[in-house]
Amino acid sequence: MKLLKKELRLCLHPTAYLMPLLSALILVPNYPYTVSCFYVTLSIFFICLSARENHDAAYTLSLPVARKDAVKGRVLLSCCVETAQMLLLAVFLFLKSKIGYEQNAAGMDANLALLGEAFLVYGLFHLLFFPRLYRDLNQVGKAFAVASCAVFLYIVLSVVFTYAVPFVRDTLDTPDPEHQTEKLLFTAACAVFYAAATVLSVRVSIKRFEQMDLQL
Amino acid sequence: MAANDSPLDVQGLTKNYPSFTLQSVSFSLRPGAITGFIGRNGAGKTTTLNSILGYVKKDAGEVRFWGLDMERDADRIKQRIGFVSAGMTYYTRKPLKAITAVTRSFYPAWDGAAYQNALKRFGLEESKTPAALSNGMKIKYALALALSHRAELLILDEPTSGLDPVSREELVEIFLKLRDEGKTILFSTHITSDLEKCADQILFIQKGRLTADMPIDEFTDAYRLLECEGDVPAQAQALSLGERRTRKGRTVLIRRQDAQAAALPVRRPELEEIMVHLEKEEER
């Protein structure tokens, strides 16, 4: 908790407040809604970039903090920002359902399965971004470039799947509450993937950070 | 002195880089003393300190603080030490108040009154950001943080670099006061005149090897300097540990015993003169 407090007070970038609000994009007709998750990954990139510029790693390790906890603190902050976005997404999903449902021609409809896709995007991002970042803290841009390429590829594929994969087209990409059980199971499976990917990402990142020579 | 009594005991510390090696550095700090860590830029001072503090991973050797191993007991050790670096540029746009609020939460022994006293003593304002502080004030802020968690050992990496003579003098006085309060200080610098004013012990590192570890008076008394207006006499050349050109001629560093035996007209050199002559010789 102390480290989360440190992350929130010293490392949180202003975009981390702003980007989750872009969940409101699901109110826009015919838009690839998973892109709103990309904006959140962008804010995580800014957090890590500003941490590098402020010599955050050197400060953190000057405190009675183990390297592994420094990694956990940063990933936990990212999870908090992502959770905030998903909660806002749920709020806007509810609002959209009240305003009037309409089919999305650019990917998944604004429905429960969209939350599952958000979990997938963040899980994938964690898996690629943090282990690369903690191999070399100065290469934050490279880590983000690789992770965001994968995220964009997934976003493109997810749009294609809503046309080409029958299960996605006929079951997941449908108005709520149709196929609610399947969507719920899909979202739960994606949440499990998110959790597993995050744990794996943290483990690999810790291993790499433990071996890293910090350039002060 | 037993290793357990020493605030810091380093044995065989080695770190290999492609173009530089820290070669089996060993030393122990005397409690309640100021130890100056000297050497030219790139000699290995910062690498030694960073390896000691775990910022860089050592390839071999042992680092013990009060007998505790840094790798196993880092948390307990960091509660008792304070690290101050001249290049300290943490969160330059955050007010000191915010940095302090976070820092204090990691130290159960945090002493709020000591912090307020340090702010007053050093003339620091909490509403300012590090970006608005001079280099000297940044060092003082870092010292204030270290003193407020009751650090018993202060590790200072080039704290006086880039400071004007008055600010340096002021810091040296602060270090002396801290020593009087029982703090142990390890002070790396290439500005040797600062050490002559405050250090008790000296560690001298050359090209990654520790070449001297002794009381400063013993170190400076071990050498003599011969000033020659013309050519260096053959007798002095044979005893020379290092030569340097000056405006008037040449100076030669000689061991005290050799100078006395040869009855040469020498004087006691300053720390900087010893360092420069020995480095010049190393270069040849």
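What share of the contacts in chain A with a separation of 6 or more is accounted for by residues 24 or more positions apart? In this predicted model, such residues make up 81% of those contacts in chain A. The secondary structure of chain A consists of nine helices and zero strands, and the chain also meets chain B in a contact that takes 24 residues from each of the two chains.

**Fold and dimensions**
- Followed along the sequence, chain A has the pattern α-α-α-α-α-α-α-α-α, with zero strands in its secondary structure.
- The radius of gyration of chain A is 18 Å, which agrees with the value near 17 Å that a compact globule of 216 residues would have.
- Taken along the principal axes, the box filled by the C-alpha atoms of chain A is roughly 55 × 30 × 25 Å.

**Burial, surface and charge**
- Among the 216 residues of chain A, 52% count as buried.
- Chain A has an accessible surface of about 9500 Å², and carbon and sulfur atoms contribute 69% of this area.
- Chain A carries 19 positive and 16 negative charges, and the mean positions of these two sets lie 10 Å apart.

**Contact with chain B**
- Between them, chain A and chain B bury about 2400 Å², with 57% of that area on carbon and sulfur atoms.
- On the chain A side, the residues that lose the most area to chain B are Leu10(A), Tyr59(A) and Pro64(A), which together account for 28% of what that side buries.

Definitions and conventions:
Residues numbered from 1 in each chain as written. Chains lettered and ligands numbered in written order. Predicted model: local features only at pLDDT ≥ 70, side-chain atom pairs only at ≥ 80, totals over all residues. Heavy atoms only, no water. Helix = DSSP H or I, 4+ residues; strand = E, 2+ residues; numbered from the N terminus. Rg over C-alpha atoms; globule rule 2.2 N^0.38 Å. Buried < 20%, exposed > 50% of the residue type's maximum accessible area, 1.4 Å probe, protein only. Contact = heavy atoms within 4.5 Å. Areas by Shrake-Rupley, 256 points an atom, 1.4 Å probe, with all protein chains shown as cover. Lys, Arg positive; Asp, Glu negative; His and termini not counted. Charge placed at Lys NZ, Arg CZ, Asp CG, Glu CD. Buried area = accessible area lost by both parts, 1.4 Å probe.
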